[in-house]
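Work through the exercises below with the sequence and the coordinates open beside you. Each task is followed by a solution that proceeds step by step.

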Amino acid sequence: MKFNVVQTLVITFGLISVQIYGIQDASGKRIVSKYERIMQMYPQLGTGGGESSQWRTAEKDMRHPCKRDCSLQQPMTCYYYMVVHYDDTMAETCKRYLQTKFRFKLNGKEFIDGIKLAEDMQSSNDDCKYADGLESQVMVVNGQLPGMGIEVCLGDTVVADVINSMHETTTIHWHGMHQRLTPFMDGVPHVTQYPIEAGQAFRYRFEVDHGGTNWWHSHTEHQRAFGLAGPLVVRTPPKLNPHGHLYDFDLSEHVIVIQDWVHNFVESVAENILINGKGRNLKKGVKTPKPTLYAHFPVVRGGRYRFRVIFNGVSNCPISFSIDQHDLVVIASDGNDIEPVEVQRIMIHGAERFDFVLHANQEVANYWVRVKGYSFCAKNQLHQEAVLHYRDADTRTLDTHTLSYAYDAPGVTLNELGDAVSTVPSLGRSISLAELNAQQPVQEVQPSVTYYTSMNAFEVRQGEGFRFQMDDISFSMPKMSLLQTRNLGVGQFFCNRSQQADLGFNCRQRHCRCSNVIHVPANQHVEFVVASLSNTPHPIHLHGYTFRVVGMGVLGEDRIGQIEQIDRSSPLPRRGRGAPLKDSVQVPAFGYTIFRFYSNSPGYWMFHCHISPHSENGMAAVVRVGEDVEMKMCPVSNCGLCSSVA
């Protein structure tokens, strides 16, 4: 089934004329953005007859009908049109932001009044990507940074046409979705699909099978570092929400996307941190810096608000998150409900999400939302802020004197950084993630099989770079897509630690580089003991599953290499009941994390460090669950891939 996407969609929908609402600068001059030019090439589509007549879609600048109060057994099919394209921060469309009426000075520095700006721009078409005020090339979807938010209900079906207008390949991974019915929609190139080539399109279609705060992002090279990521929020009916009584509001404007930031596609150490695509410029030597535009999160005094934090951590830069003078009642992580725990600071590792309830019970004012980077971000003392804005507070009253990398929120910290040489000061009690309790505790079942895996990053020789590995193997992406070619004998190209040993290769003495595949039997209780052999923690993510974190600890540099022998002779501590559910979790430096899951979704599932330079250079593997005959077939021959968008 090979087809031209525009020809087919014309039949399905019927083309409508492209509406260019028009962007004007302060003088009234017409500005045509890159996104508008892209949309003239790939116009929006109107609904027509056939199956698509039941799809719910949104006209430009209108609320999507799938963003709604959820009801039991009333699913919708939700359509999204996602054009992936190159763009720029601080382009012509941002000139309106620099009008005098929005600017003000404090302590010799200039700022933009974000609240007044939002009020003024709310009825106009806008695709300014302000970022940190510096011009930079980016990759975005539909002109937005961060990417468009998708908000649906559990049980809905998402249909997303992804059109690649770049001159390089791409894919989209729906992080947090289990894809149990559609493993071929997981979005990993050469594992679950072929990449979307330049000028091609791909239709993702899957059932929303996991609730809570999830996200979507490119799974190709470092593209999510440059802007290809956005929220995927899945709400549930009130009867299925155990924490609904704790808050009054669950609003889109309280979804927070944080990422470490680089400029102009430079794949190096992070230069900044952005909060919802905005923040103060931290780059030194800029001759004419632009005013700072902070992200603002409005509240009304007395209200109780659910906030959702997503960390698109790209480099080795775990962060802390806090809000001045406010407690954070954490109620979920990675979309999974936990027994509420009150803290003042959350440590967040790459790909993790945390939901918390904030009670706006302080005096009417503006309060700093603080994000601080550690590990590689500590080198440049990266920190960023946003504003919690109480209604009726003076929008231009900000206390900038406390903005310093040295500042740390006092009180209880959740998910402390498991660093060998911790740079996180201890200002109060710390709660380990493994200490959290699942909202619906279950008794642990003894696993049928335990797998011991390791993650390592080390310098080969001084000045010759680093090597990144899992199980002493640097993962090499296969040339074919594993799921699509599984019946064609591709297994002969797989490797793993024991297979390399059988061939006489000692991967600790030679560089083993191949497609590391760990074979797990289907429909079994499975346990993984994952160790970090390096002096930094690694955030590990397993596609296709939510797992229970039953253990976490540190053995030290001298003992971590013998973790399997230690565990078999004197078992490491494991929880017997109520372990928290996650899909991404840190493995502490010279330490370990133990997790369990039931392998009821056969397929090829990526298993990797979520630090992009680590995974892209080899710190990854594929977990093959079940036999090839147990895996679901894609219902169309090309599995959603379209031949051309020309």
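The exercises that follow concern a predicted model, and they go from the whole chain to sheets, salt bridges and surface.

**Exercise 1. Describe the protein chain as a whole: its secondary structure, its burial, its contacts and its accessible surface.**

Step 1. Begin with the secondary structure elements: the protein chain holds seven helices and 40 strands.

Step 2. Turn to burial, where the criterion is a relative accessible area under 20%; of the 646 residues in the protein chain, 60% are buried.

Step 3. Consider the contacts with a separation of 6 or more, of which 78% are between residues 24 or more positions apart.

Step 4. Finish with the surface: about 25900 Å² of the protein chain is exposed, and carbon and sulfur atoms supply 49% of that area.

**Exercise 2. Determine the strand order of the six-stranded open sheet, and explain why one side of E15 and of E20 has no neighbour in the sheet.**

Step 1. Reading across the sheet gives the order E15-E14-E17-E22-E19-E20, and the pairing is mixed.

Step 2. Strand E15 (272-275) and strand E20 (336-343) are at the edges and have a single partner strand each, so one side of each lacks a neighbour in the sheet.

Step 3. For the geometry, ignore direction: neighbouring strands in this sheet are then turned against each other by 25° on average.

Step 4. As a detail, take strand E14 (residues 255-261) with strand E17 (residues 304-312), which pair in the parallel sense over five bridges; here glutamine 259 is placed opposite asparagine 312 in E17.

**Exercise 3. Carry out the corresponding analysis for the four-stranded open sheet, naming its edge strands.**

Step 1. The order is E8-E13-E12-E10, and the pairing is mixed.

Step 2. Strand E8 (150-153) and strand E10 (172-175) are the edge strands, since each of them pairs on one side only.

Step 3. With direction ignored, neighbouring strands of this sheet are turned by 20° against each other on average.

Step 4. E8 and E13 run parallel and are joined by four bridges, and valine 152 is found opposite valine 234 in E13.

**Exercise 4. Locate the partners of the salt bridges formed by aspartate 250, glutamate 385 and arginine 596, and establish which parts of the chain they link.**

Step 1. As background, side chains of opposite charge can pair when their charged atoms come close. In the whole structure, a search finds 33 salt bridges.

Step 2. Aspartate 250 meets arginine 235 in a salt bridge of 2.9 Å from N to O. The two are 15 residues apart and link distant parts of the chain, with aspartate 250 in the loop between strand E13 (229-235) and E14, and arginine 235 in strand E13. Arginine 235 counts as buried, at 14% relative accessibility.

Step 3. Glutamate 385 pairs with arginine 280, and their closest N and O atoms are 2.5 Å apart. Because glutamate 385 belongs to strand E24 (residues 383-390) and arginine 280 to the loop between E15 and strand E16 (296-299), the pair ties together parts 105 residues apart in sequence. Glutamate 385 counts as buried at 2% relative accessibility, and arginine 280 counts as buried at 13%.

Step 4. Arginine 596 and glutamate 444 form a salt bridge with an N to O distance of 3.5 Å. Since arginine 596 is in strand E37 (residues 591-598) and glutamate 444 in the loop between strand E26 (430-431) and strand E27 (449-459), parts that are 152 residues apart in sequence are tied together by this pair. Arginine 596 and glutamate 444 are both buried.

Step 5. Return to Arg235 and Asp250, which belong to a network of salt bridges that also links Lys67, Glu151, Arg306, Arg308 and Asp355.

**Exercise 5. Which residues form a nonpolar patch on the surface with Leu154, and is leucine 154 exposed, partly exposed or buried?**

Step 1. The patch consists of Leu72, Leu154 and Leu240, which together have about 250 Å² of accessible area.

Step 2. Leucine 154 is in the loop between E8 and strand E9 (157-164).

Step 3. With a relative accessible area of 36%, leucine 154 is partly exposed.

**Exercise 6. Place tyrosine 79 in the chain, classify its burial, and give its C-alpha separation from proline 65.**

Step 1. Tyrosine 79 is part of strand E4 (residues 77-89).

Step 2. Its relative accessible area is 4%, so tyrosine 79 is buried.

Step 3. Tyrosine 79 and proline 65 are 14 residues apart along the chain, and their C-alpha atoms are separated by 9.9 Å.

Definitions and conventions
Residues numbered from 1 in each chain as written. Predicted model: local features only at pLDDT ≥ 70, side-chain atom pairs only at ≥ 80, totals over all residues. Heavy atoms only, no water. Pairing = 2+ DSSP bridges. Axes fitted to C-alpha atoms, helices over the stretch in contact; angles between N-to-C directions. Salt bridge = Lys/Arg side-chain N within 4 Å of Asp/Glu carboxyl O. Buried < 20%, exposed > 50% of the residue type's maximum accessible area, 1.4 Å probe, protein only. Contact = heavy atoms within 4.5 Å. Areas by Shrake-Rupley, 256 points an atom, 1.4 Å probe, with all protein chains shown as cover. Patch = residues over 30% accessible without salt bridge, like charges linked within 9 Å, V, L, I, M, F, W, Y side chains within 5 Å.
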